Amino acid sequence: MTLHRRRSRIQQTALAAALISVVLGAGLMSSALSAPRRASADTDPRAASVPRSGAHHRVFCIRRRPCPIKHIIYLIKENHTFDNLFAHFPGADGTNYAMEGHRRVRLGKMPDHLPFDIGHSGGSAGTAVNRGRMNQFYLLSGAIQFGHDYADSAYQPSSIPAYWHYAKTYTVADHFFSTILGSSFPNHLVTVAAQSGQTVDNPHGQLVRSWGCDAGPYSTVTVKAPNGSISRVPPCFNFNTLADEADRAHVSWKYYAPTYGSWGYVWASFDAIQHIRYSHEWKTKADVSPSHFIPQVSRGKLPSLTWLMSDLKYSEHPPQSMCLGENWDVRAINAVERSRFWKSTVIVLTWDDFGGFYDHVPPPVINNIAFGPRVPTIIISPYAYSHRVDHSIYDFSSVLRFAEDTFHLGRLSSYDSSARSIAHMLDFSRKPSHPLILKTRKCPKYVPGVVTKAVFISAHLENGRFVILLRLPDNTVGTVFARRKTRMHYAGGTASPQKASQGDTVRVRLLGDPTQAGYFQLAHMVDLDLHYERAMKGTIGALDPNNGQIVMDRFHHPAVVVKTSATTRFYDQNGHPIQFTDLAQGQPIKVRGVWNSRTQEVFSVVSVRVLNSQSAG
């Protein structure tokens, strides 16, 4: 099928989906603050016909075929498009090129990890997609880093051998779209609730590593209503979720995600569902450390519904290592395939949003916030079609649709009601395939963070931490956070970051902040323009008693401005204490303090001593 015909088919499907959305009406989402409730004929036209738990009939997954599936694992990684991983996959709708405006360029080769993150907010997603033109990824913040266009790049098979092997052995979907045209937070909500509460971005303003109900009083998230109005609300909702439906049907479930205090905690979606976050299920079911997954499976414990997220280190969220993340998945999948659960399990391996990376297929438009760009998705199961690329349109709610059909749960929204179930990628008439046990591989050396030179702009204290603005080598401005006790280094000493002057050249080690591209944590900073001078000599050229400043002329060197303070000590040529007012123009002096060689200023002045004529030189 030609690319033109395939895009035409996508557009036709998108039109059909849009018509369905119109029929479903304005009740696309449950109210963000409404009480949790089951789908009904009033909120979802299809819900009335959905069989409920306790119905006395055989379970079918698709086409009246008996369903042997008793376990569904939703394994969700971070921030990559289909083209970024599988642009070169045989038989898939891939590409060797990217569009940069009207210019076509060849996709570059992706390294194991990037220096920094790429912009992938809701606004960034809209910019990149550019109304279906798919030609502005290169304009995103962080797209080009140190001269390399990482946004328009793709992995080679040798760089992701396990993912390539899974895709070739089982079924890979090459038209599986992120549900929301946005970043992680809204799409993770869809994976548990088949809706995002109309959110389109990650929350902002939190003082802790949280995107949910415990994020603090200043955290808000952008909501885009169907009528186009935009507002900001706390990231704490109360709509119905698949877990609520599972509880009502006595279907077991567990959500493995990094716990409070770790960076990966932002992906713990049930933290944003108030009635679950503050329930007895929170610690036992809704926020279980992913380190428990393999041991529990090995001990013969696996719920019917499982969501599985790794911590930041293994998440593949740029700039994290792809190899480390792939090895983490291999260990988790191997544990399932070696267990007694293999013959009754479907593992859905997917990525939560586009991450700023290029994809050439325009996402179908079904409403004002959906869909987002394609994400890689592999169905790993003994019943998955072998060596198949499925070209049908899916999204994150397709997995929930399959779970609802499998366990007789009610519909949650118009998304899962109209979604194509991933059951179409499974063949229950076949004999279950044998497990595919893969080996982990040795990864390239990965040291978190990047050391680079930058230009200091400003630093101030805000909510108990430093907020530092730096101009990075690509001319973008990075927002850097540091603890209040952080010390900046310079030749001969340390000082508060606020002692740097605008325009100073600094060498920094920055750690990417997973909450937003362009945000960093400061690991280390050195001001290359500052020097501690124990005995800088010169002659008083001018005095400013009102501001406590001295213009000091230096032989064969530029004059410097010495900025004294209330703590500065003054001495005469015999070492006796004097006052600033005892100084006179023309006197030779020796100054101890911090010298900025760029601005020719001396500050944090410890002492000023008058010299005799013999020692002045």
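**Exercise 1. A strand pair and its sheet**

Task: In this predicted model, A173 stands opposite D390 in β18. Determine which strands form the sheet around this pair and which helices pack on the sheet.

Solution.

Step 1. Begin with the strand pair. Strand β10 covers residues 171–173, and 3 bridges join it to β18. The two strands run parallel.

Step 2. Extend the view to the whole sheet. The sheet is open and has 7 strands, in the order β14-β15-β3-β16-β17-β10-β18. The pairing is mixed.

Step 3. Find the edges. These are β14 (253–256) and β18 (388–390), each of which pairs on one side only. From one strand to the next, the twist averages 15°.

Step 4. Add the helices. Helix α5 packs on the sheet and touches β3 (71–77), β14 and β15 (305–308). The direction of α5 makes about 180° with that of β3. Helix α10 (residues 322–338) also packs on the sheet, where it touches β3, β15, β16 (345–351) and β17 (377–380). For α10, the angle with the direction of β3 is about 175°.

**Exercise 2. Buried or exposed?**

Task: Decide whether Y218 counts as buried or exposed, and decide the same for S262.

Solution.

Step 1. Locate Y218. This residue is in the loop between α5 (184–193) and β12 (221–224).

Step 2. Apply the cut-off. A residue is exposed when its relative accessible area is over 50%. Y218 has 54% relative accessibility and therefore counts as exposed.

Step 3. Place Y218 among its partners. Together with L207, V208 and Y260, Y218 makes a nonpolar surface patch of about 410 Å².

Step 4. Turn to S262, in the loop between β14 and α7 (274–277). Buried means under 20% relative accessible area. The relative accessibility of S262 is 17%, so S262 counts as buried.

Step 5. Name the contacts. When neighbours within four places in sequence are left aside, S262 is in contact with R209 and D311.

Step 6. Set these residues against the whole chain. Of its 617 residues, 57% count as buried.

**Exercise 3. Salt bridges across the sequence**

Task: The structure holds 17 salt bridges. Explain which parts of the chain are tied together by the pair D214 and R277 and by the pair D529 and R598.

Solution.

Step 1. Recall the principle. Side chains of opposite charge can pair when their charged atoms come close.

Step 2. Examine D214 and R277. In this salt bridge, the closest N and O atoms are 3.0 Å apart. D214 lies in the loop between α5 and β12, whereas R277 lies in helix α7, so the pair ties together parts that are 63 residues apart in sequence.

Step 3. Check the cover. D214 is buried, with a relative accessible area of 16%. R277 is buried as well, with a relative accessible area of 15%.

Step 4. Examine D529 and R598. Their side chains meet in a salt bridge of 3.8 Å, N to O. Because D529 lies in strand β26 and R598 in the loop between β31 (588–596) and β32 (601–610), the pair ties together parts that are 69 residues apart in sequence.

Step 5. Check the cover again. D529 is buried, at 12% relative accessible area, while R598 is partly exposed, at 37%.

Step 6. Look for a network. Salt bridges that share partners join R401, E404, D405 and R411 into one network. Within it, E404 forms a salt bridge with R411, and the closest N and O atoms are 3.0 Å apart. Both E404 and R411 are buried.

**Exercise 4. A covered helix and a covered strand**

Task: State how many residues of α11 are buried and how many of β22 are buried, and describe the strands that pair with β22.

Solution.

Step 1. Consider α11 (residues 397–407). Of its 11 residues, 11 are buried, including R401, E404 and D405. The helix is followed by H408, whose phi is positive, near 60°.

Step 2. Consider β22 (residues 477–483). Here 5 of the 7 residues are buried.

Step 3. Pair β22 with β21 (residues 465–471). These strands run antiparallel and are joined by 7 bridges. R465 stands opposite R483 in β22. The hairpin has 5 residues between the strands, and N475 takes a positive phi near 75°.

Step 4. Pair β22 with β26 (residues 519–544). These strands run parallel, with 3 bridges between them. V480 stands opposite F520 in β26.

Definitions and conventions: Residues are numbered from 1 along each chain as its sequence is written. This is a predicted model: local features need pLDDT of at least 70, side-chain atom pairs count only at pLDDT 80 or more; totals for chains, interfaces and linings use all residues. Side-chain values use heavy atoms; hydrogens and water are left out. Patches are made of residues with over 30% relative accessible area and no salt bridge: like charges are joined within 9 Å, nonpolar side chains (Val, Leu, Ile, Met, Phe, Trp, Tyr) within 5 Å. Accessible areas come from the Shrake-Rupley method with a 1.4 Å probe; for residues, only the protein chains shown count as cover. A salt bridge is a side-chain nitrogen of Lys or Arg within 4 Å of a carboxyl oxygen of Asp or Glu. Helices (H or I, at least four residues) and strands (E, at least two) are DSSP runs, numbered from the N terminus. Buried means under 20% relative accessible area, exposed over 50%, partly exposed in between (1.4 Å probe, protein chains only). Two strands pair if DSSP finds at least two bridges between them. Axes are lines fitted to C-alpha atoms, for helices over the stretch in contact, and angles run from 0 to 180 degrees between N-to-C directions. Contact means heavy atoms within 4.5 Å.
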